[in-house]
Amino acid sequence: MKAIAAIAAALMCSAAAFSDSSIYPQPVSDALAMTHDASDEAVWRFTMRVSMNDNSMDVGYDGAQDDGAQWTLLSPASPETLTEDLSDMWMDMITPDDTENAEDGEGVGLSVGSDGGLFFTAETASMIAGNVQRVSGGQYSFDPDIDPESDENDSMAEHLDGELALASAGHVEQIRIFAPESFKPNPAARIHEFELIMDFRQLDGMPAPIMTSMSTVVDVSALFQRQQQSVRFEFSDVEYVEP
């Protein structure tokens, strides 16, 4: 289950760099160019609500604090009352990145403030791979590519559809990538349901739109087991300070 939850975090930094805007209609091309890569030295502060399978926790993030002390559990009052999945995520957040198991992907803190942080980035824009068609108003359909460097996700991409919504101000407001029907990405697994939704908003004083929420729904059968999980991240009280 923990591996499924990691999809949400992984998608924040996946996909190749967006480079060729000429293949998109002009409003989409302009919207996809509204990006910003945050400096590694920049400071983020925000409140994040994490909801997993009808359970939730509220945490605070302060990038000015030392690694391992950047996260504060706001609700519930004690980590002992968290569900197993939320407890695992909380432990990942508060574990410093330089632990001895970091190279194996275990015990690694959640990375925020690099690779664009909460900003809409070129990496996110590259998920709109092509075949962009206007549906109505600011609504478009597209062919998605969630990770061009992965053969497995290449096989997934052919089973996925994409929907893009532009705000009246011209920026990307929402990206939705979903499977319209169940499919087998490989002979050993079947994905019964997949949906990723990312919402963005332009805040005063910010150099680019920021992510206000991201959610995933995954229902997969593999090795005679079926796993279902829904994860949602909601960001509020966002502050960003350039070095």
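Gln-202 touches His-171, Ala-208 and Pro-209, leaving aside residues up to four places away in sequence. The model is predicted. Gln-202 lies in the loop between E9 and strand E10, which spans 210–222. Asp-199 is found in strand E9, residues 189–201.

**Gln-202 in its loop**
- Gln-202 is partly exposed, because its relative accessible area is 34% and the partly exposed class runs between 20% and 50%.
- The side chain of Gln-202 reaches the backbone oxygen of Met-206, at 2.9 Å.
- Gln-202 and Ala-167 are 35 residues apart in sequence. In space, their C-alpha atoms are 9.4 Å apart.

**Asp-199 in strand E9**
- Asp-199 is buried, yet has no salt bridge.
- The nearest side chain of opposite charge belongs to Arg-232, 4.6 Å from Asp-199. A salt bridge needs a side-chain nitrogen of Lys or Arg within 4 Å of a carboxyl oxygen of Asp or Glu, so the pair at 4.6 Å does not count as one.
- Two polar contacts involve the Asp-199 side chain: one with the side chain of Gln-174, at 2.7 Å, and one with the side chain of Ser-213, also at 2.7 Å.
- Gln-174 and Ser-213 also appear in the list of residues that Asp-199 touches, not counting residues up to four places away in sequence. That list also holds Glu-173, Ile-210, Met-211 and Thr-212.

**The nonpolar core**
- The largest nonpolar core has 57 residues.
- Met-57 and Ile-175 have the most contacts inside this core.
- Beyond residues up to four places away in sequence, Met-57 touches several residues, among them Met-48, Val-50, Leu-73, Leu-82, Leu-86, Met-89 and Met-93.
- Trp-90 and Pro-76 are also touched by Met-57. So are Arg-49 and Ser-75.

**The chain as a whole**
- The protein chain has five helices and eleven strands.
- Of its 243 residues, 43% count as buried.
- Among contacts in the protein chain with a separation of 6 or more, 55% join residues 24 or more positions apart.
- The protein chain exposes about 12300 Å². Carbon and sulfur atoms supply 45% of that area.

Technical notes. Residues are numbered from 1 along each chain as its sequence is written. This is a predicted model: local features need pLDDT of at least 70, side-chain atom pairs count only at pLDDT 80 or more; totals for chains, interfaces and linings use all residues. Side-chain values use heavy atoms; hydrogens and water are left out. Helices (H or I, at least four residues) and strands (E, at least two) are DSSP runs, numbered from the N terminus. Buried means under 20% relative accessible area, exposed over 50%, partly exposed in between (1.4 Å probe, protein chains only). Lys and Arg count as positive and Asp and Glu as negative; His and the chain ends are not counted. A polar contact is a pair of N or O atoms within 3.5 Å; within protein, one must be able to donate a hydrogen and the other to accept it, and residues adjacent in sequence count only if both atoms are side-chain atoms. Contact means heavy atoms within 4.5 Å. Accessible areas come from the Shrake-Rupley method with a 1.4 Å probe; for residues, only the protein chains shown count as cover. A nonpolar core is a set of buried Ala, Val, Leu, Ile, Met, Phe, Trp, Tyr and Cys residues joined through side-chain atoms within 4.5 Å.
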